[in-house]
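Work through the exercises below with the sequence and the structure side by side, and try each task before you read its solution.

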Amino acid sequence: MVRKAALCVVSALFPVLAFAQTPSDADLQKRASAILTLMGFSLTPDVTTGSLSISDQSAGNPYFRQTSVSGGGTLKATPLYLEGTLAYGRYDPTFTPGDTQGAQPIPVKWDSLLASGGIGWDFPIARDLVLRPIANLSLGRVESEGVVAPAAQQLPGSGAALDFLQRGQLNAAGLGGSVMLDYQRYGSDREIDAELRYSNIYLKSFQSSSAVQGHSDAQTLSFWSRYRAPTGIVALERPLRYVLEYAHTRFLGDLKGALGFEYVNSFGFGLELDTTRYDAYVTRTRLLLRYKAGNNVVGWAVGLGLSF
């Protein structure tokens with residue numbers, strides 16, 4: 001089964017990335033780890049953080065967005081499990097060079113791209129229940145594009161930092177693992193899925209601009225569940241199912257409180273169309289509306305899921 005999900009979360013809390021300050025080398029060193037922390041929210045398939053959108057005008061950080069597409073499943077007739085995530089992020093911070101009043105702010109655009117994958121193996125431990133260890137690997141890149149005024153370029157002690165803001169890059173690699181308990185109970189008409197997962201992935205920069213060398217420890221503990229049953233309506237010669245979904249993710253390590261919240265609950269409802277009557281590559285298509293709630297944050301999502 002392959003799942004794809006999206007989420008929009010709106011929050012006024014943004015403690016990790018308060019950038020309206022002097023762009024010193026030491027400051028950018030700390031912010032490099034903060035960038036890697038943001039990447040940590042998209043390292044594994046998770047319906048609670050499939051997409052993040054945050055705006056905080058009061059802190060001088062007008063825009064942050066991160067969107068991912070992910071999927072995972074066990075290959076048919078084998079215990080081999082594969083998963084993957086592709087995430088894109090965009091952040092537009094503002095830096096103020098020096099401590100002089102009236103200094104011209106430096107608008108910056110940071111674009112990030114992250115690819116993460118995992119390979120696991122199913123070990124049956126009870127009826128309909130398997131234990132699944134997963135090895136995870138990630139690669140990411142952040143590119144900076146800023147316009148620095150000539151006066152700011154003459155300030156002492158900010159050369160490497162300003163070079164990064166104008167045309168720098170940050171490369172990151174991640175290595176870690178996950179362990180999952182996966183329960184699947186499929187009947188002739190009703191289906192139950194539930195997953196309990198812990199993930200720990202360490203991200204570290206490499207071959208990056210000299211002003212940005214960072215690291216991040218991304219840990220999550222998550223629970224996901226789904227119930228599907230017929231609506232009584234027939235579509236494409238198969239029962240049209242309704243879908244109920246609940247998920248909870250608790251963020252640990254460097255992710256804890258990084259965006260103002262420590263956990264997110266997701267409540268989903270939708271419909272599933274069965275196309276197995278026809279010779280189609282996609283066997284099921286699901287459309288879900290999800291409501292998100294956590295400490296200091298609320299949001300909503302429209303998710304599209306495909307099974308092959």
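The exercises that follow concern a predicted model, and they move from the nonpolar core to salt bridges, loops and paired strands.

**Exercise 1. The nonpolar core**

Task: Find which residues touch the most other members of the largest nonpolar core, and which elements supply residues to this core.

Solution: Begin with the members themselves: the largest nonpolar core holds 29 residues, and those that touch the most other members are M39, F41, W110 and F261. Next, turn to the elements, where at least two residues of this core come from each of α1 (25-39), β4 (80-91), β6 (106-121), α3 (159-167), β9 (169-186) and β10 (191-206). The largest share belongs to α1, which gives four residues. As a last step, select M39 and set aside its neighbours within four places in sequence; the residues in contact with M39 are then Q66, S112, L114, G140, R141, V142, A172 and L203. As background, nonpolar side chains in soluble globular proteins tend to be buried together.

**Exercise 2. Salt bridges between strands**

Task: Examine the salt bridge between D182 and R132, and decide whether each partner is buried or exposed.

Solution: A search of the whole structure gives 19 salt bridges, and in one of them the side chains of D182 and R132 meet with an N to O distance of 2.8 Å. Since D182 belongs to strand β9 and R132 to strand β8, the pair ties together parts that lie 50 residues apart in sequence. To judge burial, recall that a residue counts as buried under 20% relative accessible area. D182 has 4% and is therefore buried, and R132, with 2%, is buried as well.

Task: Repeat the steps for the partners of D193 and E245, and then look for a network of salt bridges.

Solution: D193 pairs with R228, their closest N and O atoms being 3.1 Å apart. Because D193 is in strand β10 and R228 in strand β11, this pair ties together parts 35 residues apart in sequence, and both D193 and R228 are buried. E245 forms a salt bridge with R226, with the closest N and O atoms 2.9 Å apart; E245 lies in strand β12 and R226 in strand β11, 19 residues away in the chain. Both E245 and R226 are buried. Finally, salt bridges with shared partners join E191, D193, R228, R241, E272, D274, R284 and R286 into one network.

**Exercise 3. Positive phi in two loops**

Task: Locate D128 and E237, and state how exposed each of them is.

Solution: D128 sits in the loop between β7 (123-126) and β8 (129-146), and its phi is near 65°, a positive value in a residue other than glycine. With a relative accessible area of 28%, D128 is partly exposed. E237 is placed in the loop between β11 (215-235) and β12 (238-253), and although E237 is not a glycine, its phi is positive, at about 65°. The relative accessibility of E237 is 45%, so E237 counts as partly exposed.

**Exercise 4. Paired strands**

Task: Find how many bridges join β13 to β12 and to β14, and name a bridge partner in each case.

Solution: Start with β12 and β13 (residues 263-274), which run antiparallel and are joined by 10 bridges; here L244 has F269 of β13 as its bridge partner. Then take β13 and β14 (residues 284-294), which also run antiparallel and are joined by 11 bridges. For G268, the bridge partner in β14 is R290.

Definitions and conventions:
Residues are numbered from 1 along each chain as its sequence is written. This is a predicted model: local features need pLDDT of at least 70, side-chain atom pairs count only at pLDDT 80 or more; totals for chains, interfaces and linings use all residues. Side-chain values use heavy atoms; hydrogens and water are left out. A nonpolar core is a set of buried Ala, Val, Leu, Ile, Met, Phe, Trp, Tyr and Cys residues joined through side-chain atoms within 4.5 Å. Buried means under 20% relative accessible area, exposed over 50%, partly exposed in between (1.4 Å probe, protein chains only). Contact means heavy atoms within 4.5 Å. A salt bridge is a side-chain nitrogen of Lys or Arg within 4 Å of a carboxyl oxygen of Asp or Glu. Two strands pair if DSSP finds at least two bridges between them.
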